[in-house]
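Student: I would like to understand how words such as "buried" or "disulfide" are justified when we look at a model. Could we go through them one at a time?

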Amino acid sequence: MKKYLLIVVLIILALLAWSPLQTKESTENTVTSAFKSEQAGIIDGCDFNCDGCGVESSHKIPFGYLVNVKYKCGMKNYFRGEKRFVTSFGISLTVNKY
């Protein structure tokens, strides 16, 4: 019985590592909408409304996607960026800001 449970758990982990429900386009849309919802109530917040802003690159990795985005905030004239990890379930998490 324990052997079958172990096999089922390993199959589920393999499917999650593969991330079959995530595509590049859906992942980039998830990151864009998550970023905009985080900035929604801020008057002088950050946005993608500039040349060169938005999703810079996205790469499929085990258990999801890693997405790099560039943006500008307020009146500052320099780019900011961050790496976001999108899980197999479509949850966007900030990994690193630069």
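Tutor: Let us begin with a term: a disulfide is recognised here as a pair of cysteine sulfur atoms within 2.5 Å. Please keep in mind that this is a predicted model.

Student: What makes C50 and C53 a disulfide?

Tutor: The sulfur atoms of C50 and C53 are 1.6 Å apart, and the cut-off is 2.5 Å, so the pair counts as a disulfide. The torsion about the S-S bond is -60 degrees, and this link of C50 and C53 is left-handed.

Student: How many disulfides does the structure hold, and which other cysteines are joined?

Tutor: The structure holds two disulfides. In addition to the link just discussed, a disulfide joins C46 to C73, with an S to S distance of 1.7 Å, which again satisfies the limit of within 2.5 Å. This pair links distant parts of the chain, since C46 lies in strand β1 and C73 in strand β3 (residues 64-73), 27 residues apart. When bonded cysteines are counted along the chain, the disulfides follow the pattern 1-4, 2-3.

Student: Why is the disulfide of C46 and C73 called right-handed?

Tutor: The torsion about the S-S bond of C46 and C73 is about 95 degrees, so this disulfide is right-handed.

Student: How do you know whether C53 is buried or exposed?

Tutor: Buried means under 20% relative accessible area. C53 has a relative accessible area of 18%, and therefore C53 is buried. By the same cut-off, C46 counts as buried at 15% relative accessibility, and C73 counts as buried at 7%.

Student: Why is C50 called partly exposed?

Tutor: Partly exposed covers the values between the buried limit of 20% and the exposed limit of 50%. C50 has 23% relative accessibility, so C50 counts as partly exposed.

Student: What makes L5 exposed?

Tutor: The word exposed requires over 50% relative accessible area, and L5 has 55%, so L5 is exposed. L5 lies in helix α1, and together with L6, V9, L10, L13 and F63 it forms a nonpolar patch on the surface, with about 550 Å² of accessible area together.

Student: What is the span of helix α1 compared with the expected one?

Tutor: Helix α1 (residues 2-18) has 17 residues and reaches 24 Å from its first C-alpha to its last, which is close to the 24 Å expected at 1.5 Å a residue. The helix is followed by S19, whose phi is positive, near 55 degrees.

Terms used. Residues numbered from 1 in each chain as written. Predicted model: local features only at pLDDT ≥ 70, side-chain atom pairs only at ≥ 80, totals over all residues. Heavy atoms only, no water. Helix = DSSP H or I, 4+ residues; strand = E, 2+ residues; numbered from the N terminus. Expected span 1.5 Å × (residues − 1). Patch = residues over 30% accessible without salt bridge, like charges linked within 9 Å, V, L, I, M, F, W, Y side chains within 5 Å. Areas by Shrake-Rupley, 256 points an atom, 1.4 Å probe, with all protein chains shown as cover. Salt bridge = Lys/Arg side-chain N within 4 Å of Asp/Glu carboxyl O. Buried < 20%, exposed > 50% of the residue type's maximum accessible area, 1.4 Å probe, protein only.
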